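I am opening my notebook on a model I have not looked at before. I will start with the overall picture and then follow a few residues.

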Amino acid sequence: MEVFYYMVFGVMAAVVAALEMSKRNKDRINTSSSFNSFKNNYLLVFSIMMAGDWLQGPYVYYLYSTYGFGKRDIGQLFIAGFGSSMFFGTIVGSLADKQGRKRACVTYCIVYILSCITKHSPQYRVLMVGRILGGIATSLLFSAFESWLIAEHNKRSFDQQWLSLTFSKAVFLGNGLVAILSGLFGNLLVDTFSFGPVAPFDAAACFLAIGMAIILTTWSENFGDPSDSKDLMTQFKVAAIAIASDEKIALLGAIQSLFEASMYTFVFLWTPALSPNDEEIPHGFVFATFMLASMLGSSLAARLMARSSLRVENYMQIVFLVSAASLLLPITTSVLVTPSTVKEEGLSLTCSIQLIGFCVFEACVGIFWPSIMKMRSQYIPEEARSTIMNFFRVPLNIFVCIVLYNVDAFPITIMFGMCSIFLFVASILQRRLMVISENPKGEEWSPMKERNSEVDPLTL
């Protein structure tokens, strides 16, 4: 493996270690023992859930290819997963608010375990069912757990600033350390022990079962609006009214969709960007480097959010601008340096620059997750939290499905340019969100006000 890969990985690891070890009192948040117990329980469960997800990621495409499916068939399977998340996401989100977030988290475990079991079958229809189940599970993973955490945090009357500590630690562990360890463990199962490409999915099912047992025995139930009068369509209407009547919620949804659309598109683009002539690159090692960069970002976010004088809305504008600039690098390098059409032995100068830029983008991703969680906890009403959060994922999933379907139709530079534009727009919207959150006009939307008002907007 090239020395350059080791250098980038080593630098990232050193910076992360230095950030964690150099924390001073002003970088820390003083908390209570009861909160620490609550936080550690959630972090344990969330890390196990993320391990169940990360173990599968690197081997989904590989498993399908070993069953003899081509790029087009595999693309359709991936589209089914994102389409399922788009279609069923709002439904399961509403059910989580009404039937209980703990129950929704348990459902996530069961559905994802069933999805893992389908990977043992080489039949296309069975695998398609597995992708649909996986899409449903993904919607629950990115809404039900966060909704349960926020509701439980508030129910126990913990300090609101402490919530940011849980968010940053969850991203640092779940999207960083656990991702790296899961990749190494999966590689151990498949390559070292030669258990085959389905082994990581079996391991994921085991982790999910363990996490489900912890949830069932240690978590209490909480709800959004358990009112019997609120059926599924009413829940949708309540969520839609909340988004339409509160500009802050609408802006937050647009910002999240724009950033995540760029992020998921980047997942499909970084490999051809770093190997334009099908050069051999260490995918697993590059992935681990990206996860280290994400850990670095979450560590920075923890420091930023620990300062009560600094608002999330302020620094996220800069984060979006930096991420937009980092994804412009493939375009910039293609203009300044004539692209090579010959397969090279090592990493070219252009690709080396791009790798550093991609690490910067991943660091921005690490800052984004806990920061967007913090803003969601402030602006999204509790009564329809899971429903609204899954509403935000609808445009994201539509966009990713379109990209997957047309992945070969546009040059890679055009795709990166589009992502960069999305991120720049997100920065503008973030600026608007900061302005109106500092100077609120009128009262915020509240379902309780809707119930107490003389005119029910749902009947209009």
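**Entry 1: naming the parts.** Before anything else I note how the elements get their names: helices are DSSP runs of type H or I with at least four residues, strands are E runs of at least two, and the numbering starts from the N terminus. With that in hand I can place Ser194, which sits in the loop between H8 and H9.

**Entry 2: how far to trust it.** I remind myself that this is a predicted model. I looked up the confidence: the average pLDDT of the protein is 85, and 90% of the residues reach at least 70. For residues 442–460, the pLDDT is below 50. That stretch still has 25 contacts in the model beyond near neighbours in sequence.

**Entry 3: the whole protein.** How many helices and strands are there? I find 18 helices and 0 strands. Of the 460 residues in the protein, 56% are buried. I also checked how contacts reach along the sequence: of those between residues at least 6 apart, 88% join residues at least 24 apart.

**Entry 4: two helices.** I took H2 first. Its 22 residues should span 32 Å at 1.5 Å a residue, and the end C-alpha atoms are 31 Å apart, so the two values agree. H2 is mostly covered, with 16 of its 22 residues buried.

Next came H9, residues 199–218. This helix has 20 residues and runs 29 Å from its first C-alpha to its last, close to the 28 Å expected. I listed its buried residues, among them Ala199, Pro200, Phe201, Leu208, Met212, Ile214 and Ile215. What covers them includes H2, H3 (60–66), H5, H7 and H8.

**Entry 5: Tyr42.** Is Tyr42 buried or exposed? I place Tyr42 in helix H2, and its relative accessible area is 3%; that is under 20%, so Tyr42 counts as buried. Leaving aside residues up to four places away in sequence, Tyr42 touches Phe145, Glu146, Trp148, Leu149, Thr166, Ala170 and Trp219. I paused at Thr166: 124 residues separate Tyr42 from Thr166 in sequence, while their C-alpha atoms are 8.4 Å apart in space.

**Entry 6: the largest cavity.** I counted cavities of 30 Å³ or more and got 2. The largest has a volume of about 120 Å³. Tyr42 turns up again here, in a lining it shares with Phe46, Met50, Leu141, Phe142, Phe145, Glu146, Val171, Asn175, Trp369, Met373 and Arg376. The elements that give two or more residues to this lining are H2 (33–54), H7 (144–155), H8 (160–192) and H15 (349–379). By class I note 9 nonpolar residues, 1 polar and 2 charged.

**Entry 7: the second largest cavity.** This one has a volume of about 40 Å³. Which residues line the second largest cavity? I wrote down Glu20, Lys23, Ser168, Lys169, Phe172, Ser298, Ser299 and Ala302. H8 and H12 (283–306) each supply at least two of them. The lining of this cavity divides into 2 nonpolar, 3 polar and 3 charged residues.

**Entry 8: Arg101.** I went to helix H5, residues 101–118, where Arg101 lies. Its relative accessible area is 0%, and buried means under 20%, so this arginine is buried. What does Arg101 touch, not counting residues up to four places away in sequence? My list has Ala96, Ala144, Ser147, Trp148, Ala151, Glu221, Asn222, Phe223, Gly224, Glu382, Arg385 and Ser386.

**Entry 9: two serines in loops.** I finished with backbone angles. Ser157 has a positive phi of about 60 degrees although it is not a glycine. Ser157 is in the loop between H7 and H8. With a relative accessible area of 64%, over the 50% cut-off, Ser157 is exposed.

Then I went back to Ser194, from my first entry. Ser194 has a positive phi too, of about 55 degrees, and is not a glycine. Is Ser194 buried or exposed? Its relative accessible area is 55%, so I mark Ser194 as exposed.

Definitions and conventions:
Residues numbered from 1 in each chain as written. Predicted model: local features only at pLDDT ≥ 70, side-chain atom pairs only at ≥ 80, totals over all residues. Heavy atoms only, no water. pLDDT = per-residue confidence, 0-100. Contact = heavy atoms within 4.5 Å. Buried < 20%, exposed > 50% of the residue type's maximum accessible area, 1.4 Å probe, protein only. 1 Å grid on protein atoms, 1.4 Å probe; cavity = no way out; pocket = protein on both sides within 12 Å on 5 of 7 lines; lining within 4 Å. Points joined across faces, edges and corners; volume = space filled by probe spheres on them. Nonpolar A, V, L, I, M, F, W, Y, C, P; charged D, E, K, R; others polar. Expected span 1.5 Å × (residues − 1).
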